[in-house]
Amino acid sequence: MAKKFKITKSKILITTGVVVVLLATLGVGIFLWWQSRSVTQVAPKQVAQSLGAKGDYSKAQEVVGTALKDSRISQQDKYDLFMQQGYLYEAQKNPDAAMGAYRQAETVQVTMDVTFSIARLAADKGDKELAISYYQKALTLIPSDDAMRDEYKKYFESAISVLQTGQPNYE
């Protein structure tokens with residue numbers, strides 16, 4: 001004859017405890033996975049900045065390059081990483097590579113920062129026409145709520161004046 005299974009309070013408590021522990025463990029695991037997923041999408045820029053500030057440009061470029069290969073990164077993160085890559089190349093005195101990185105950033109998002117970076121590098125390389133067109137573009141992209149709006153406007157207009165006439169515009 002088959003033995004009957006007897007349900008007792010202690011068996012219910014033990015089973016409930018085991019289920020609670022398993023659910024809590026699962027919840028913690030999901031939370032940690034989500035946090036690591038979010039951090040990997042944001043952290044490379046900060047890591048690269050930190051490495052660049054320490055002068056470890058090759059490691060910083062490696063971090064940026066690896067992050068850019070991740071198909072899960074957002075457009076904003078991609079833009080930020082290309083901009084970081086441009087800054088790193090500039091610090092390494094490689095204006096051609098910096099220009100390439102800034103052009104990549106521009107394909108993702110057109111901002112005052114990227115247009116200014118392209119204009120500045122073009123001016124440094126002696127490409128007045130490109131520099132002027134990008135300073136003019138940067139003028140149109142100054143955020144209307146930026147506290148430095150008037151200063152940016154004066155700077156860009158003066159840079160254009162210097163490139164066109166050789167004289168700054170102090171108005």
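## A walk through an all-helix chain, starting at Tyr87

Let's start at one residue: leaving aside neighbours up to four places away in sequence, Tyr87 touches Tyr102 and Ser117, where a contact means heavy atoms within 4.5 Å. Before going on, note that this is a predicted model, in which local features need pLDDT of at least 70 and side-chain atom pairs count only at pLDDT 80 or more, while totals for chains, interfaces and linings use all residues. Residues are numbered from 1 along each chain as its sequence is written, and side-chain values use heavy atoms, with hydrogens and water left out.

So where does Tyr87 sit? Its home is helix α3, residues 75-91. Helices here are DSSP runs of H or I with at least four residues, strands are E runs of at least two, and both are numbered from the N terminus. Tyr87 is partly exposed, at a relative accessible area of 40%; buried means under 20%, exposed over 50%, and partly exposed in between, using a 1.4 Å probe and protein chains only. Look also at Gln49, 38 residues away along the chain: its C-alpha atom and that of Tyr87 are separated by 9.1 Å.

Now step back to the whole chain. It has seven helices and zero strands, so the pattern along the sequence reads α-α-α-α-α-α-α. Of its 171 residues, 29% count as buried. Among contacts with a separation of 6 or more, 45% come from residues 24 or more positions apart. The accessible surface is about 11,400 Å², with 60% of that belonging to carbon and sulfur atoms; such areas come from the Shrake-Rupley method with a 1.4 Å probe, and for residues only the protein chains shown count as cover.

Ser117, one of the contacts of Tyr87, leads us to helix α5. This helix covers residues 112-125, and its 14 residues reach 20 Å from first C-alpha to last, close to the 20 Å expected at 1.5 Å a residue (the expected span is 1.5 Å times one less than the number of residues). Its buried residues are Met112, Val114, Thr115, Ser117, Ile118, Ala119, Leu121 and Ala122. What covers them includes α3, α4 (95-108), α6 (128-140) and α7 (149-165). Just after α5, Gly126 takes a positive phi of about 90°.

Next, the rings. A pair of aromatic rings is described by the distance of the centres and the angle of the planes. Rings of Phe, Tyr and Trp (its six-membered ring) pair if their centres lie within 6.5 Å; planes under 30 degrees apart count as stacked, over 60 as edge-to-face and the rest as tilted. That rule gives seven aromatic pairs. In one of them, Tyr87 and Tyr102 meet edge-to-face, 6.0 Å centre to centre with 65° between the planes. This pair links distant parts of the chain, with Tyr87 in helix α3 and Tyr102 in helix α4, 15 residues apart. Tyr102 counts as buried, at 0% relative accessibility.

Phe116 and Tyr135 form a tilted pair, 6.2 Å centre to centre and 50° between the planes. Because Phe116 lies in helix α5 and Tyr135 in helix α6, the pair ties together parts 19 residues apart in sequence. Phe116 is partly exposed at 22%, whereas Tyr135 is buried at 4%. Both belong to one aromatic cluster with Tyr152, Tyr155 and Phe156. Finally, the charged end of Arg120 sits over the ring of Phe116, 5.4 Å from its centre; the rule asks for NZ of Lys or CZ of Arg within 6 Å of the ring centre and within 35 degrees of the ring normal.
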